[in-house]
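Student: Could we go through this structure together, one question at a time? I would like to see the reasoning behind each reply.
Tutor: Gladly, let's have a look.

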Amino acid sequence: MMSPEAKQRLQLALLLAMVVAGLRAGYILYQRHEDKVAAEKQKRAANVGYSNPDYYVNPKKLHPYDLKSAKQLTLQPVWVKEGYRYTYYSYDAANKQVDFAHEAGLLLPIEKLEIKDVVTAKPPGASQRLQVMAVFQKEGKVYAVPIGYEADQQYKIYSDEIFFVEDPRDLYKHWPADVWQAVEQHQVKPGMNEMQADFAIGMGMPDAGSSSYEKTVRYPNGGKPLVIVYHDGKAGEIKAGS
């Protein structure tokens, strides 16, 4: 016969398992809903007939919700969406330790990575919150970049915001050859749109008060800052920043 205490522990364990399963199911349904909404927006854009074909591109997303599902990142190459935004650190694979005390660098614009593993690591002074880290190799060394966090057995993973899991050259194959040449040389030329500039020189920060017609964006550009003024979505003035 099972004691009342054992029965109570079993009931609590079953209840916890049901709650966790319910949360995961809810998250999956939510992500499917978001995909459906994105597809509907894409369909509406096609019906409206937008002149910019970029609006029709719908990059694939993995929707990771825990450590196991995040390991999907190891199944194909990934490409960095916004360069000079995400900091990576040295990683000791033998001891599974991240050197959070020293920044190793920033991911580059449209940099191609082969994710070798996805792990959790605890930064110094961070109570019970763990960082979810994507491990990769670069120039013969091993590094890790944060792609989310875990607290109280709940994960928040934002790798879909950091990486393309499809080659952006295929996603945006409608861009002219000279645009892709400028992107690969990390240059911005007049007439490029904001997404093309982001691909070329990374993250930009718009000035306050910019309008839809005229917009000023400042790019750190890996220590070589640039200021671009867009007129009706196209790069007009391109000058060195401070």
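Student: At about what angle does helix 6 run to strand 11?
Tutor: Keep in mind that this is a predicted model. Helix 6 covers residues 194-201 and lies across strand 11 and strand 12, the latter being 226-231. Relative to strand 11, helix 6 runs at about 10 degrees.

Student: In what order do the strands of that four-stranded open sheet come?
Tutor: The pairing in this sheet is antiparallel. Strand 10 (205-206) and strand 13 (234-240) are the edge strands, each pairing on one side only. With the edges placed, the order reads 10-11-12-13.

Student: Which residue of strand 11 does Pro206 stand opposite?
Tutor: Strand 10 pairs with strand 11, residues 214-219, in the antiparallel sense over two bridges. Within strand 11, the residue opposite Pro206 is Val217.

Student: Back to the helix: how many of the eight residues of helix 6 are buried?
Tutor: The buried ones include Gln196, Ala197 and Ile201. They pack against strand 9 (163-164), helix 4 (168-171), helix 5, strand 11 and strand 12. Helix 6 is largely enclosed by the rest of the structure, because the number of its residues that are buried is six.

Student: Is Phe199 buried or exposed?
Tutor: Phe199 lies in helix 6. Leaving aside residues up to four places away in sequence, Phe199 touches Pro109, Ile110, Phe164, Pro168, Tyr172, Trp175, Trp180 and Val183. The cut-off for burial is under 20% relative accessible area. Because its relative accessibility is 3%, Phe199 counts as buried.

Student: What distance separates the C-alpha atoms of Phe199 and Lys81?
Tutor: Along the chain, Phe199 and Lys81 are 118 residues apart. In space, their C-alpha atoms are separated by 7.2 Å.

Student: Which residues touch the most other members of the largest nonpolar core?
Tutor: This core has 23 residues. Helix 5 (177-184), helix 6, strand 11 and strand 12 each give two or more residues to it. One residue to look at is Val188, which touches Ala197, Ala200, Ile201, Ile228, Ala235 and Ile238, not counting residues up to four places away in sequence. The members that touch the most others are Tyr172, Val188, Phe199 and Ile228.

Student: How far from Asp198 is the nearest side chain of opposite charge?
Tutor: Asp198 is in helix 6, and it touches Pro109, Gly204 and Tyr219, not counting residues up to four places away in sequence. Asp198 is buried yet has no salt bridge. A salt bridge needs the nitrogen and the carboxyl oxygen within 4 Å. For Asp198, the nearest side chain of opposite charge is Lys215, at 7.8 Å.

Student: How many salt bridges does the structure hold?
Tutor: Among them is the pair of Lys71 and Asp117, at 2.7 Å from N to O. That pair links distant parts of the chain, with Lys71 in the loop between helix 2 (67-70) and strand 1, and Asp117 in strand 5, 46 residues apart. Glu82 and Arg85 also meet in a salt bridge, at 2.4 Å from N to O. The number of salt bridges in the structure is seven.

Student: How far apart are the closest N and O atoms of Asp207 and Arg218?
Tutor: Asp207 is partly exposed, with a relative accessible area of 25%, and Arg218 is partly exposed at 39%. These two form a salt bridge, and the closest N and O atoms are apart by 2.9 Å.

Student: What is the phi of Asn221, a residue other than glycine?
Tutor: Asn221 is found in the loop between strand 11 and strand 12. At 12% relative accessibility, Asn221 counts as buried. Its phi is positive, near 50 degrees.

Student: And is Asp232 buried or exposed?
Tutor: Asp232 sits in the loop between strand 12 and strand 13. Asp232 is not a glycine, and it has a positive phi of about 55 degrees. With a relative accessibility of 57%, Asp232 counts as exposed.

Student: One more: which residue of strand 4 is the bridge partner of Trp79?
Tutor: Another open sheet has three strands in the order 4-1-9, with antiparallel pairing. In that sheet, strand 1 (residues 78-80) and strand 4 pair over two bridges. In strand 4, the bridge partner of Trp79 is Lys112.

Terms used. Residues numbered from 1 in each chain as written. Predicted model: local features only at pLDDT ≥ 70, side-chain atom pairs only at ≥ 80, totals over all residues. Heavy atoms only, no water. Pairing = 2+ DSSP bridges. Contact = heavy atoms within 4.5 Å. Axes fitted to C-alpha atoms, helices over the stretch in contact; angles between N-to-C directions. Buried < 20%, exposed > 50% of the residue type's maximum accessible area, 1.4 Å probe, protein only. Lys, Arg positive; Asp, Glu negative; His and termini not counted. Core = buried A, V, L, I, M, F, W, Y, C linked by side-chain atoms within 4.5 Å.
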